[in-house]
Amino acid sequence: MLLLAVAAQAKVKKSIARGMSKEQVADIIGNPMTTSFDTNSETWQYTKQRGGLLYPYTVYITVNFDNNGKVVAYSEKVEDQPSASTSVSPSTSSNCQQHPAFDHHFGMHCLSDNDFNTLLSKVKEASFEDAKLDLIQVASLGGYFTCYQCTSLLSLFSFTDAKMKALAFVGPHIVDPQNAAEIYGLFTFSSDKDKAAEIISRIKP
């Protein structure tokens, strides 16, 4: 089983909120790597490495303070990194039969473009969130997905909790976890990205 180092390290983190002091921010995410100033504000920047050695990604965090030292803005940007153990490029097709990892890992169990598009349409047409999740759960029982397919399915949900429930079904059946930055980008907070990484680490061979 492929394991991400973050799976053992993931923990719930308090969110940075508007109005927090510099001391509160430092208590939550530590001291900044770099700082910058202008006449009305101060900016702290962080670079956090996640995902372990196999499928690393980088989170760039920016926190902006007003001239009273209170948080006025917080942002995160996720970037994938080339893996030392693979040269597979990000997926551009929903069809995992065309993916370089397909034959080696999972044989003929991936959803074809036609099958995936059918699933996607049915999930879109489902009236309730529970019905959408039921369809995804059934599809994941006998199939595998690319990160592109997973991202397409999760994007049908508006709220983080629903995205995470859908990922719990699909994540362990992903054939190209080195492209997981596509999925991490759907989540705003680093704590949610860590949860997503932990789910994907449960990949079933």
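**Reading a buried helix**

Q: Is Cys-147 buried or exposed, going by its relative accessible area?

A: Buried: Cys-147 has a relative accessible area of 0%. Buried means under 20%, exposed means over 50%, and partly exposed lies in between, with a 1.4 Å probe and protein chains only. The model is predicted, so local features need pLDDT of at least 70 and side-chain atom pairs count only at pLDDT 80 or more, while totals for chains, interfaces and linings use all residues. Residues are numbered from 1 along each chain as its sequence is written, and side-chain values use heavy atoms, with hydrogens and water left out.

Q: How many disulfides does the structure hold?

A: The test is a pair of cysteine sulfur atoms within 2.5 Å, and the count here is 0. Take Cys-147: its closest cysteine sulfur sits in Cys-150, 6.6 Å away, which is too far for a bond. Cys-150 is also buried, at 0% relative accessibility.

Q: Which residues of helix 6 are buried?

A: Helices and strands are DSSP runs numbered from the N terminus (H or I, at least four residues, for helices; E, at least two, for strands). Helix 6 spans residues 147–154, and 7 of its 8 residues are buried. They are Cys-147, Gln-149, Cys-150, Thr-151, Ser-152, Leu-153 and Leu-154.

Q: What covers the buried residues of helix 6?

A: Look for contacts, meaning heavy atoms within 4.5 Å. The cover includes helix 4 (113–125), helix 5 (129–141), helix 7 (160–170) and helix 8 (181–184). Zoom in on Leu-153: leaving aside neighbours within four places in sequence, Leu-153 is in contact with Phe-116, Leu-119, Leu-120, Val-123, Ile-136, Phe-145 and Val-170. Val-170 is itself one of the buried residues of helix 7, and helix 7 has helix 5, helix 6, helix 8 and helix 9 (190–200) among its cover.

Q: Which members of the largest nonpolar core touch the most other members?

A: In soluble globular proteins, nonpolar side chains tend to be buried together. A nonpolar core is a set of buried Ala, Val, Leu, Ile, Met, Phe, Trp, Tyr and Cys residues joined through side-chain atoms within 4.5 Å. Here the largest one has 41 residues, and Val-25, Val-63, Leu-153, Leu-167, Ile-183 and Ile-200 touch the most other members. Leu-153 is back again, and it is one of the buried residues of helix 6.

Q: How many helices and strands does the protein chain have?

A: The protein chain has 9 helices and 4 strands, in the order α-α-β-β-β-β-α-α-α-α-α-α-α from the N terminus on. Of its 205 residues, 43% are buried.
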